[in-house]
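Colleague: Got a minute to go through this model with me? I'd like the overall shape and then the charged side chains.

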Amino acid sequence: SKLRNEQHEREQEQTHHVAMLRELQHMLDPDIPAAERNSNQKLELELDDIRSSQNYEKQRNLFEEKIKLLYDEKAYMIGELEKVRIKSNEPTRDFLLLEKEVVELRSARLELETLKNEKEDTAYQQQHQQTVLIKIGLETLKTG
């Protein structure tokens, strides 16, 4: 970009110098009448205008291409960002393994608590039955 700008500036300077040299040659040449000099100057100015407009079109086309490339790059980057966002929302393999272990541990704890409660219930029922039998035995002794 910087190199293009410098090249463009050199081209403009060169064009300007050429025009100045032609103008000096025409002014110094006694064989060329003033009307012809003026006509030549007009034509040279028109030619410079045409060259400038052509250069403008080239630059405009270059800028349009660059803008298109930048839009394409922007669209690509948005797509990449979307992929990263989606991937960041997905659980990792390690997370899924840990989650599975937690579920298994909770299930095992529930089983242990159930077994413990059943054991306590059985022990309570046995104790209750012994108490009832003892009471029956005491009443039988009292009545008998």
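Modeller: A term to settle first: a salt bridge here is a side-chain nitrogen of Lys or Arg within 4 Å of a carboxyl oxygen of Asp or Glu. Keep in mind too that this is a predicted model.

Colleague: Fine. How many salt bridges does a search of the whole structure find?

Modeller: The search finds seven salt bridges.

Colleague: Before the details, what does the secondary structure come to?

Modeller: Three helices and zero strands. Along the sequence the pattern reads α-α-α. The radius of gyration is 50 Å, well over the 15 Å that the globule rule gives for 144 residues, so the protein is more spread out than a compact globule.

Colleague: What box do the C-alpha atoms fill?

Modeller: Roughly 165 × 20 × 15 Å, taken along the principal axes.

Colleague: And how much of the protein is buried?

Modeller: Buried residues make up 3% of the 144 residues. The accessible surface comes to about 13900 Å², and 58% of that belongs to carbon and sulfur atoms.

Colleague: Back to the charges. Which residue does Arg10 meet in a salt bridge?

Modeller: Glu6, with N to O at 4.0 Å. Both residues lie in helix α1, four residues apart, about one turn of the helix.

Colleague: Are those two side chains buried or exposed?

Modeller: In between. Arg10 is partly exposed at 48% relative accessible area, and Glu6 is partly exposed at 35%.

Colleague: What about helix α2, which residue pairs with Asp72 there?

Modeller: Asp72 forms a salt bridge with Lys68, and their closest N and O atoms are 3.1 Å apart. Helix α2 covers residues 34-89, and these two sit four residues apart in it, which means a separation of about one helical turn. Asp72 is partly exposed at 39% relative accessibility, while Lys68 counts as exposed because its value is 51% and the cut-off for exposed is over 50%.

Colleague: And Glu80, what is its partner?

Modeller: Lys83, with the closest N and O atoms 3.3 Å apart. Glu80 and Lys83 are three residues apart in helix α2, so about one helical turn separates them. Glu80 has a relative accessible area of 29% and is partly exposed; Lys83, at 54%, is exposed.

Colleague: Which residues are linked in a network of salt bridges?

Modeller: Glu57, Arg60 and Glu64 are linked that way.

Colleague: Taking the charges overall, how far apart are the mean positions of the positive and negative ones?

Modeller: They are 8 Å apart, counting 23 positive and 30 negative charges.

Colleague: Change of topic. Which residues form a nonpolar patch on the surface?

Modeller: Leu21, Leu24 and Leu28 form one, with about 340 Å² of accessible area together.

Colleague: Where does Leu24 lie?

Modeller: In helix α1, which covers residues 2-28.

Colleague: Why does Leu24 count as partly exposed?

Modeller: Because its relative accessible area is 47%, and partly exposed is the range between the buried limit, under 20%, and the exposed limit, over 50%.

Colleague: Good. So my notes for helix α1 have the Arg10 and Glu6 salt bridge, plus Leu24 from the nonpolar patch.

Modeller: That matches. For helix α2, write down Asp72 with Lys68 and Glu80 with Lys83.

Technical notes: Residues are numbered from 1 along each chain as its sequence is written. This is a predicted model: local features need pLDDT of at least 70, side-chain atom pairs count only at pLDDT 80 or more; totals for chains, interfaces and linings use all residues. Side-chain values use heavy atoms; hydrogens and water are left out. Patches are made of residues with over 30% relative accessible area and no salt bridge: like charges are joined within 9 Å, nonpolar side chains (Val, Leu, Ile, Met, Phe, Trp, Tyr) within 5 Å. Accessible areas come from the Shrake-Rupley method with a 1.4 Å probe; for residues, only the protein chains shown count as cover. Buried means under 20% relative accessible area, exposed over 50%, partly exposed in between (1.4 Å probe, protein chains only). The radius of gyration is taken over C-alpha atoms; the globule rule is 2.2 Å times the number of residues to the power 0.38. Lys and Arg count as positive and Asp and Glu as negative; His and the chain ends are not counted. The place of a charge is taken as NZ of Lys, CZ of Arg, CG of Asp or CD of Glu.
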